[in-house]
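Student: I would like to work through this structure with you, going from one part of the fold to the next and asking about each in turn.

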Amino acid sequence: MAGPCSAETEEQTLTAARGVAAAGADVFRAGVWKPRTKPGGFEGIGAPALPWLARARRETGLPVITEIATPAHLHLVLEAGLDGVWIGARTTANPFAVQELADAFAALSDRERNSLAVLVKNPVNPDLELWIGAIERLQGAGVGRLGAIHRGFSSYGERYYRNAPMWRIPIELKRRMPQLPLYCDPSHIGGRRDLVAPLSRQAMDMEFDGLIIESHCKPDKALSDSAQQITPDELRELIAGLDRPCRAEDGGLDDCRRRIDAIDDELMELLARRMAVSREIGRYKRERGLAIVQPDRYRTLIERRAAEAARLKIDENFVRSILETIHEESVRQQLKP
């Protein structure tokens with residue numbers, strides 16, 4: 001599934017739809033209502049953009065989906081004849097809002113309800129039960145064509161990813177709801193276009209059922225999420241890369257390398273978070289006239305982690321050297337004004 005973050009103009013919407021269709025996408029996606037963290041940002045065109053999506057559907061033959069957050073949105077999408085909707089992370093996090101949507105679905109005729117695929121993004125916070133609860137509310141309303149989208153989880157401070165993937169959460173969702181199609185949103189996880197392709201490959205290697213990717217003909221001029229959108233040409237290359245099989249002689253090695261890369265990405269995210277906390281500690285110490293280096297605390301930390309290394313069958317000296325390097329960088333970060 002691919003298309004721009006937002007339908008901005010009719011020409012932009014149709015050009016993007018033709019581009020992602022030519023690139024090999026199976027579904028065209030575009031936002032019409034865009035929840036913004038603060039007022040004043042581009043919040044989408046709204047209902048006037050729905051005819052553009054309907055025209056894109058007619059011209060390309062692709063099914064078309066968009067985000068909804070209210071029962072009014074749902075009814076407008078049905079009137080426009082679109083094929084599916086997704087429920088965004090902010091909406092999923094609010095059981096009241098999800099229940100209102102579930103009640104609206106329950107009130108539809110069977111034909112109307114079955115005409116739409118409904119995809120539920122994970123909530124902004126890493127809460128698996130909240131995610132499952134949203135899905136169960138819709139199941140209880142009779143929605144049969146359900147799926148889930150993993151778009152990562154928000155976190156505070158500097159970070160490698162826009163939204164931390166925390167892969168264990170979608171994996172556990174798949175274990176508990178094995179019949180539920182699970183898609184990955186590498187655009188929102190990465191937050192940068194250079195991360196979209198590697199995250200896509202990682203998700204498919206982890207046996208996700210598909211991808212939902214933001215693709216804009218002129219990403220740098222997009223009115224929302226410009227940094228994470230790729231062009232249709234880049235999307236074509238990405239899809240070709242996913243379809244390209246590994247050579248038999250190096251397939252196992254390539255798989256291991258991809259797993260290593262994924263773990264290293266997580267390490268980078270964790271290190272960035274640790275250094276952000278170190279800077280916070282440094283400010284606290286300066287305000288209170290405390291020493292930056294506190295030897296007793298440092299020795300306790302090293303000894304505790306070294307004991308854990310032995311339990312995990314990792315060389316103790318290796319762990320000590322890593323922790324010493326991290327501590328040196330942590331002190332440097334704390335000394336920053």
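Student: Before we turn to other parts, which elements are included in what covers the buried residues of helix 3?

Tutor: Bear in mind throughout that this is a predicted model. Helix 3 spans residues 71-80 and its buried residues are His73, Leu74, Val77 and Leu78. These cover an arc of only 135° around the axis, which puts them on the same side of helix 3. What covers the buried residues of helix 3 includes helix 2 (50-60), strand 3 (64-68), strand 4, helix 5 (95-106) and helix 6 (110-114).

Student: What sign does phi have at Gly81, just after helix 3?

Tutor: Helix 3 runs over residues 71-80, and Gly81 comes just after that helix. Its phi has a value of about 75°, and the sign is positive.

Student: Where in the chain is Val120, and is this residue buried or exposed?

Tutor: The place of Val120 is in strand 5, an element of residues 117-121 that is mostly covered, with four of its five residues buried. Val120 touches Ile87, Thr92, Trp131, Ala134, Ile135, Leu138, Leu146, Gly147, Ala148 and Ile149, when residues up to four places away in sequence are not counted. Because its relative accessible area is 0%, and the limit for this class is under 20%, Val120 in strand 5 counts as buried.

Student: Which residue of strand 6 stands opposite Val120?

Tutor: Strand 5 is joined to strand 4 (residues 84-87) by four bridges in a parallel arrangement, and there Ile87 stands opposite Val120. Strand 5 also pairs in the parallel sense with strand 6 (residues 146-150), over four bridges. In that pairing Leu119 stands opposite Gly147, while the residue opposite Val120 is Ala148.

Student: What is the handedness of the β-α-β crossover that starts from strand 5?

Tutor: Strand 5 and strand 6 pair in the parallel sense. Between the two, the chain passes through helix 7, and this crossover from strand 5 to strand 6 is right-handed.

Student: Which residues of strand 6 point the other way from Leu146, Ala148 and His150?

Tutor: In a regular strand the side chains alternate between the two faces of the sheet. Strand 6 is mostly covered, five of its five residues being buried. Leu146, Ala148 and His150 point one way from this strand, and those that point the other way are Gly147 and Ile149.

Student: How many bridges join strand 6 to strand 7?

Tutor: Strand 7 covers residues 182-184 and runs parallel to strand 6. Within this pairing His150 stands opposite Cys184. The number of bridges that join the two strands is three.

Student: Which helix gives the largest share of the largest nonpolar core?

Tutor: The largest nonpolar core has 67 residues, and those with the most contacts inside it are Phe28, Phe105, Trp131, Ile135, Leu138 and Leu173. The largest share of this core, six residues, comes from helix 7 (residues 128-140). Apart from this core lies another of seven residues, among them Met1, Val27, Leu119 and Ile149. The helix asked for is therefore, by its share of six residues, helix 7.

Student: Which residues does Ile135 touch, not counting residues up to four places away in sequence?

Tutor: Ile135 is one of the residues with the most contacts inside the largest nonpolar core. In soluble globular proteins, nonpolar side chains tend to be buried together. With residues up to four places away in sequence left out, Ile135 touches Val120, Leu146, Ala148, Leu173, Met177 and Leu180.

Student: Of Tyr160 and Tyr161, which counts as buried?

Tutor: These two residues form an aromatic pair that is edge-to-face, with 5.0 Å from centre to centre and 80° between the planes. Tyr160 has 24% relative accessibility and so counts as partly exposed. At 2% relative accessibility, the one that counts as buried is Tyr161.

Student: How many residues apart are Trp167 and Phe208, whose rings also pair?

Tutor: Their ring centres are 5.9 Å apart and their planes stand at 80°, so the pair is edge-to-face, and both Trp167 and Phe208 are buried. Trp167 lies in the loop between strand 6 and helix 8 (168-176), and Phe208 in the loop between helix 10 (193-205) and strand 8 (210-211). The pair thus links distant parts of the chain, and the separation is 41 residues.

Terms used. Residues numbered from 1 in each chain as written. Predicted model: local features only at pLDDT ≥ 70, side-chain atom pairs only at ≥ 80, totals over all residues. Heavy atoms only, no water. Core = buried A, V, L, I, M, F, W, Y, C linked by side-chain atoms within 4.5 Å. Buried < 20%, exposed > 50% of the residue type's maximum accessible area, 1.4 Å probe, protein only. Contact = heavy atoms within 4.5 Å. Pairing = 2+ DSSP bridges. Right-handed = clockwise from strand over helix to strand, strands pointing away. Arc of directions from axis to C-beta. Phe/Tyr/Trp six-rings, centres within 6.5 Å; stacked < 30°, edge-to-face > 60°.
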